[in-house]
Amino acid sequence: SSRETRVALCLAALGVADRLVTIQAGPLVRTEGSHATIWCNVTGYRGAVVQDFEWSLYLASAPEREIRVVSTRHGDYSYAAYSSRVAAGDIYVERLSADAVVLHISRLQARDQGLFECYTPNTDGEYRGSYNAKTNLTVIPDTLSVTSTAQTLNKVEGDSLQLTCDVSRQTQQHTHLSVGWYLRSEAGAPPQDLLTLSRDFVLRAGGPYKQRFASGDLRLDKTGSTAYKLTVHRLQPADQGLLYCEAAEWIQDPDRSWYAMTRKQSEKTVLKIQPAEKDFSIQVSTERRAYTAGEPLELRCSIDAQNVQERYFSVSWVFSSSQVAVVGPNAVPVLVGDYVQREATGQLTVRKESPSVYLLKLQSLRPEDTGKYTCRVTERERTLTGDFIDRSKRSRNVQITVQPLRSNMTVSLSSNSTEVEEGRTIQLTCEAHSVLDKATGLSVTWRWADGKGGAKQDLAALDGEGVAKPGPAYSERAAYGEIRVERIGPSAFLLAVHNSVPGDEGQYECAVSEWVQGTNRSWEKMGEKSATKSMSVKAVESSFSVSASSRKPSVTYGDSFDLQCIVKPRHNPRVPAAVTWRFKSSEGAGDAPFQDLVTFSHDGTLQWSKASLGMGARTTVDRTGNVSNFRLSISRAGPGESGTYRCLAQLWRRTYNRTWAKVAERTSNPLGINVVKPAPKLRLHQSNQSVVLVEDGRVQINCSILAQTSAESQHTVLWFARRGAPDEAGGPSEGGEAQAELLLKINHNSAFEYGAYAEEERLQSRVQAERLSAQLHRLTLHRTEAADSGTYFCLVEEWLPDPSGAWYLLAREASGFTRVVVKQPGTGGRSRAERLGGVVKPPTSSVSGDSFHAAVPNARQQVAQRLRREVLGHFGTQQCRGTQCCTVVRLQVEETESNVTVQESSSFRLGCSIPSQSSRESRFSVSWYVARAGRDGAEDCVFSIGHDAVFGNGNCSPSEAPGPDSRLRFERTTSDLYSLTVQQARSGDEGNYSCLVEEWLLNPRKAWYRLAASRSGVTVVAVLPQVSTLMSVVCSNESLFYFVFFYPFPIFGLLLIAVLLVRYKARGSSKSQEGKNGAPLLWIKEPHLNYSPTCLDPPTLGLHPGSVE
């Protein structure tokens, strides 16, 4: 505005603000063929009040070349590419104010895409601030598609209409769609907005259609990804015309405003609506026309017309020319005369069942209701002038005849069973069959007699209003709910005697009376009919029995067994059974009393006694067929559960006052349960063998368990030794047979203790016992001496926990014998060892009992058998089984050798494969070593990872620490395949690489120990150096790079400026020329240097627009 311009000029005069050109923020995305606008304004200017604007375009293909489009100052400003479009008015500038304009581009073309610049010539006398601004305009194809089938539809007033419009677009930009349906009532008339889905997904109805939209008659649903369905219910004549769909594609500009890029319409549908007919017809219907007094009568008046729901009808019921009731358009009935009282008492009903059906119902007909019934219908219609027109019609007369009452009733009595068990319910059903079928006019009286000629007693009575009254002798039982009478149907009655007792046996009678209500609303008795039924009650004591059984009279420690207590007859909730399991231990005296374990009471609760504590007992109840099964389950049986069991059953009856009384008691037969230990399955490796070695060596003797009784078994291992080395025949060297002595013992609870032999021979510091696994134990003698010669073997005791947690000894078994001969160096021991069938190892060797086998002479085997009998004489005997030994260590590492040649700065991979391992529980420590040339065989540690998966925790410490900057990449693709990748290879990485694998296992004390080690084959790695080029040398040296490509250009620029200044002063001319932005000729922008970071392209120097002479 002019005021804002004056304020800007004042601020500029005061030096407060500089010139600022502002353009609409970009990038702006517009569709091809649409109308695009870009606004621009300037502030902080001086001089002329009206500012001029010049618009230019810079294409992406030539960002430095200006293409002039249009100007407010010069008419011939445009270049040839745009001069014709400017002359035709397709491109023009709209001035909003003295310092604000809008650029209009009609029918946008794809070539209009680029960077638009808004430039304002200088009117300030000097250059202050900015004189131009730029924004980016992107032109995309117009992909919006709006299609709808062109058709002509003929509808009737009140019908429904559905039209579908497909709207789609293929743009890659984030755009929103708005879809609307419009109606043009006639050609040339403005369209009416029916319903529109805005770009914000909000449905809005046009003014005339808001009420119909709120009532649900107008809907717009999106039925697919591109389909929009318009639904119009209850069409009106005003809906006739041309219907079409219009869609617009919107995009949000960077200033957060929304812009409609394109808008399209679909093909039009011609809709013709025929007004509905106004005529109607009526009809009265009924089931029959002859009735008996007391029966209900229903008359229905049906209206046959179009659009009944949209029209207003009033219905009048007439009886013999007298009006009965009127139902208006609001469906509220108005009664007339005596019918008001009959409607108040529920004898008459008038209502509107549906828009076209009206009901007149007389609940209880009277003889005076005989006559003619008529339905009269009046329609009220409002004309265009606002007046009302009434049209009336009446139906044909319907003659109704009502006959007086005549009683004809019969009574039948039935029961659920003629004999019931004690405690169950006696249930009798009495049905009255009457012609009148008048439910409210019936009453019933129930009576009982003992069936032996005694007088009848009233049980209970039920009058016509449904009020029950018990008899004098049964009032107390009825008060507690034992006697119940009710009406279960219009003419059916029920008697239920709960918790029956033997005294309820007898004859039952049902007496039904029929009543009729007179005109004065009083009841008159028309007659009475009765029926009888005999019932018997079976006492529960007659069939009460109990028995106990078990499928397992003998069970093993830790197993489970079930005891069955079968109670007959079947479960009766009124006479339930209580069962108590009792037990007498086999460890007690013979006359010891039984103790209660658990009681399943008659009310369904469990009561455990103190005697059941510590037993793994549980109880369940199964009721099947005619019996109740009370099952006692004992899990993890032990010696404490061995004994005699029996169950005690009691029957209880619930009296009418909710108390319990014991009826009978029975005790079952006794059950003997014997709990025994499991059969032992302990078996050891019992092959005999000999070992010969030199003093100061190490000998290892294995004790292998081949089989055990249970997975929970724990073992006590005792190691025995017999002094003296055997002679050639297998006997002691000094004559006689020495007694086997205990060397050391490891209890099943891991307690360790030395025997007398270890103390006498001072072996505590040289003997070592290990548990390599649950089935393998090892004895190791370190720094052997000649006195250590003798026979060694192990004795294994198998222990199992009983269910109470106490450990008991199940079996003992001795292993085979290992004869150890320790020789002094230089005594000819080798030949003697060869005669003995053994092997001599150097002192540093580790000799395992599983690694050497020898054929022991028969004499030696006899000595071994006698020695085993000596030891097992104290613990028990066990036969020797098998002579096969197994190898413990199975670690194997791939030993294939390979050669790898790589270029410098590339990467190479080192693999380490473990095809075989000793145990599934094994873990591995992996280390890679390299032997470089000129190191005399010395190896350097490259990388290591311990068995605990910690880097650097292997058997060596790598020189290069692992981390994010490390060149080493470690991978474990499977459990037995490791790999190490060395990145950015260098010449110093050449050498012979190999991996060392150590196998670790967990001992019984949860400590890790190294089992074995193995090394892989050698991988020879050669690194080829890169060939240096001139460009690589320059790029690799930062100082040389800047000296060649950067420093010459600033120096050249300074020299050029100095030359221009000298020439300018020499000419002495004051002539100055302006460029496009009014700057002097010597106003030269800073040169821009473009160069390739790869040094493959020469640098280029670019200067901004200007002129130099």
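1. Let's start with a bit of vocabulary: two strands count as paired if DSSP finds at least two bridges between them. With that in hand, look at β66 and strand β70 (residues 977–982), which pair in the antiparallel sense over 6 bridges. One spot to find on your screen is Arg909, which stands opposite Thr981 in β70. Keep in mind as you click around that this is a predicted model.

2. Now zoom out to the sheet around that pair. It is an open sheet of 3 strands, with the order β66-β70-β69 and antiparallel pairing. β66 (908–913) and β69 (968–974) are the edge strands, each pairing on one side only. On average, neighbouring strands here are turned by 20° against each other, if you ignore direction. As background, strands of a sheet pair through backbone hydrogen bonds, either parallel or antiparallel.

3. Next, the disulfides. How many does the count come to? The total is 8 disulfides. I'll walk you through some of them, beginning with the link of Cys40 to Cys118, where the sulfurs sit 2.1 Å apart. This pair links distant parts of the chain: Cys40 is in strand β3 (residues 36–43) and Cys118 in strand β8 (residues 114–119), 78 residues apart. The link is left-handed, with -90° about the S-S bond. Buried or exposed, where does Cys40 fall? Cys40 has 1% relative accessibility, so it counts as buried. Cys118 comes out at 0%, so it counts as buried too.

4. Then there is the disulfide between Cys165 and Cys245, with an S to S distance of 2.4 Å. Here again distant parts of the chain are linked, since Cys165 belongs to strand β12 (residues 161–168) and Cys245 to strand β18 (residues 241–252), 80 residues apart. The torsion about this S-S bond is -75°, and the link is left-handed. Both Cys165 and Cys245 are buried.

5. Another one to look up is Cys301 with Cys375, joined at 2.0 Å from S to S. Cys301 lies in strand β23 (residues 297–305) and Cys375 in strand β29 (residues 371–382), so the disulfide ties together parts that are 74 residues apart in sequence. Why is this disulfide called left-handed? Because the torsion about its S-S bond is about -70°. Both of these cysteines, Cys301 and Cys375, are buried.

6. On to charges. Side chains of opposite charge can pair when their charged atoms come close. A search of the whole structure finds 38 salt bridges. One of them joins Arg380 and Asp390, whose closest N and O atoms are 3.0 Å apart. Arg380 is in strand β29 and Asp390 in strand β30 (residues 388–394), 10 residues apart. So you meet β29 here again, after Cys375 in the point above. As for cover, Arg380 is partly exposed at 46% relative accessible area, and Asp390 is also partly exposed, at 42%.

7. A further salt bridge links Arg447 with Asp458, with 3.4 Å between the closest N and O atoms. Arg447 sits in strand β35 (residues 442–449) and Asp458 in strand β36 (residues 457–462), which puts the partners 11 residues apart. With 22% relative accessibility, Arg447 counts as partly exposed. Asp458 is partly exposed as well, with 38%.

8. Have a look at Arg967 and Asp989 too, whose side chains meet in a salt bridge (3.1 Å, N to O). Both partners are in loops: Arg967 is between β68 (939–945) and β69, while Asp989 is between β70 and β71 (991–1002), 22 residues apart. Are these two buried or exposed? Arg967 is buried, and so is Asp989. Salt bridges can also join up into a network, as they do for Glu298, Arg300, Arg351, Glu353 and Lys361.

9. Last stop: a nonpolar patch on the surface. Tyr1042, Phe1043, Val1044, Phe1046, Tyr1047, Ile1051 and Leu1055 form it, and together they have about 700 Å² of accessible area. Helices α10 (1038–1045) and α11 (1048–1067) each supply at least two of its residues. Which helix gives the most? That is α10, with 3 residues. Leu1055 lies in α11. Its relative accessible area is 55%, so Leu1055 is exposed, the cut-off being over 50%.

Technical notes. Residues numbered from 1 in each chain as written. Predicted model: local features only at pLDDT ≥ 70, side-chain atom pairs only at ≥ 80, totals over all residues. Heavy atoms only, no water. Patch = residues over 30% accessible without salt bridge, like charges linked within 9 Å, V, L, I, M, F, W, Y side chains within 5 Å. Areas by Shrake-Rupley, 256 points an atom, 1.4 Å probe, with all protein chains shown as cover. Salt bridge = Lys/Arg side-chain N within 4 Å of Asp/Glu carboxyl O. Helix = DSSP H or I, 4+ residues; strand = E, 2+ residues; numbered from the N terminus. Buried < 20%, exposed > 50% of the residue type's maximum accessible area, 1.4 Å probe, protein only. Disulfide = S-S within 2.5 Å. Axes fitted to C-alpha atoms, helices over the stretch in contact; angles between N-to-C directions.
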